[in-house]
Amino acid sequence: MRIFEWNEQHAVHVPAVDDEHRQLFRLCDDLQRAMMAGAATPEVQSIVDDLVIHTAHHLSHEEREMRAAGYSLYAWHRSQHHTARSRMRVLERRIRRGDRDAALELLEFLSGWLNDHIRLADRMLGAYLRNHQRERSARAS
Ligand SMILES: [Fe+2]
Ligand SMILES: [Fe+2]
């Protein structure tokens with residue numbers, strides 16, 4: 001059993017981003033619980049659908065923020081998002097065909113990817129965005 005729980009090590013200190021991350025951990029936790037309880041396929045599918053939608057929305061949100069703030073590591077960060085998008089697309093297709101192993105593979109993938117990506121790439125982004133915001137406020141005053 002994997003632990004899907006947002007903690008301080010995941011904090012990027014940008015409230016909207018932290019909220020989205022919390023939600024992704026929650027959905028992974030829901031999916032894991034459903035799998036362990038032997039939930040029926042439609043229930044598993046509906047959590048996976050939510051997870052896919054929230055992930056897509058979240059990654060695009062961060063990418064918009066990066067473009068708006070002129071983030072120099074945009075290409076590097078976005079390529080990490082692309083890795084997650086393509087991996088999830090393949091697994092989602094398998095889950096849709098009723099392959100429950102693919103749901104377990106999705107959890108395994110996300111437990112690594114979410115932790116690694118948030119703790120390094122997203123935290124670096126969060127620091128940049130906060131700094132960018134501070135500079136803009138200073139210029140405006
Ligand atoms: Fe990210
Ligand atoms: Fe993120």
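A residue counts as buried when its relative accessible area is under 20%, and as exposed when that area is over 50%. The exercises below use this cut-off on a predicted model.

**Exercise 1.** Work out which residues donate to the iron ion (ligand 2), and how their spacing runs along the chain.

*Solution.* Begin with the donor atoms: His21 and His58 each offer NE2, Glu62 offers OE and Asp122 offers OD, at distances of 2.1 to 2.2 Å from the iron ion (ligand 2). Next, place these donors along the chain, where they follow the pattern H-x36-H-x3-E-x59-D. Because His21 belongs to helix 1 (residues 15-36) and Asp122 to helix 4 (residues 100-140), the pair ties together parts that are 101 residues apart in sequence. Finally, apply the cut-off for burial: His21 has 0% relative accessibility and is therefore buried, and Asp122, at 2%, is buried as well.

**Exercise 2.** Decide how the geometry of the site of the iron ion (ligand 2) should be classed.

*Solution.* The angles among the four donor atoms run from 84 to 169°. Four donors count as tetrahedral if all angles lie between 85 and 135 degrees, and as square planar if opposite donors are over 155 degrees apart and all others between 65 and 115. The site is classed as irregular.

**Exercise 3.** Describe the surroundings of the iron ion (ligand 1), and find which residue bridges the two iron ions.

*Solution.* The iron ion (ligand 1) is coordinated at 2.0 to 2.2 Å by Glu62 through OE, by His77, His81 and His117 through NE2, and by Asp122 through OD. Along the chain these donors show the spacing E-x14-H-x3-H-x35-H-x4-D. Two of them, His81 in helix 3 (residues 74-96) and Asp122 in helix 4, are 41 residues apart and link distant parts of the chain. Both His81 and Asp122 are buried. The bridge is Glu62, which joins the iron ion (ligand 1) to the iron ion (ligand 2), and the two ions lie 3.5 Å apart.

**Exercise 4.** Compare the span of helix 2 with the expected value, and say what covers its buried residues.

*Solution.* Helix 2 (residues 41-68) contains 28 residues, and from its first C-alpha to its last it reaches 40 Å, close to the 40 Å expected at 1.5 Å a residue. Among its buried residues are His58 and Glu62, together with others including Val44, Leu51 and Met66. The cover over the buried residues of helix 2 includes helix 1, helix 3 and helix 4. After helix 2 comes Gly70, which has a positive phi, near 60°.

Definitions and conventions
Residues are numbered from 1 along each chain as its sequence is written. Chains are lettered from A and ligands numbered from 1 in the order in which they are written. This is a predicted model: local features need pLDDT of at least 70, side-chain atom pairs count only at pLDDT 80 or more; totals for chains, interfaces and linings use all residues. Side-chain values use heavy atoms; hydrogens and water are left out. Donors are N, O and S atoms within 2.8 Å of the metal (3.2 Å for Na, K and Ca); water is not among the atoms, so sites may look incomplete. Four donors count as tetrahedral if all angles lie between 85 and 135 degrees; four count as square planar and six as octahedral if opposite donors are over 155 degrees apart and all others between 65 and 115; anything else is irregular. Helices (H or I, at least four residues) and strands (E, at least two) are DSSP runs, numbered from the N terminus. Buried means under 20% relative accessible area, exposed over 50%, partly exposed in between (1.4 Å probe, protein chains only). The expected span of a helix is 1.5 Å times one less than its number of residues. Contact means heavy atoms within 4.5 Å.
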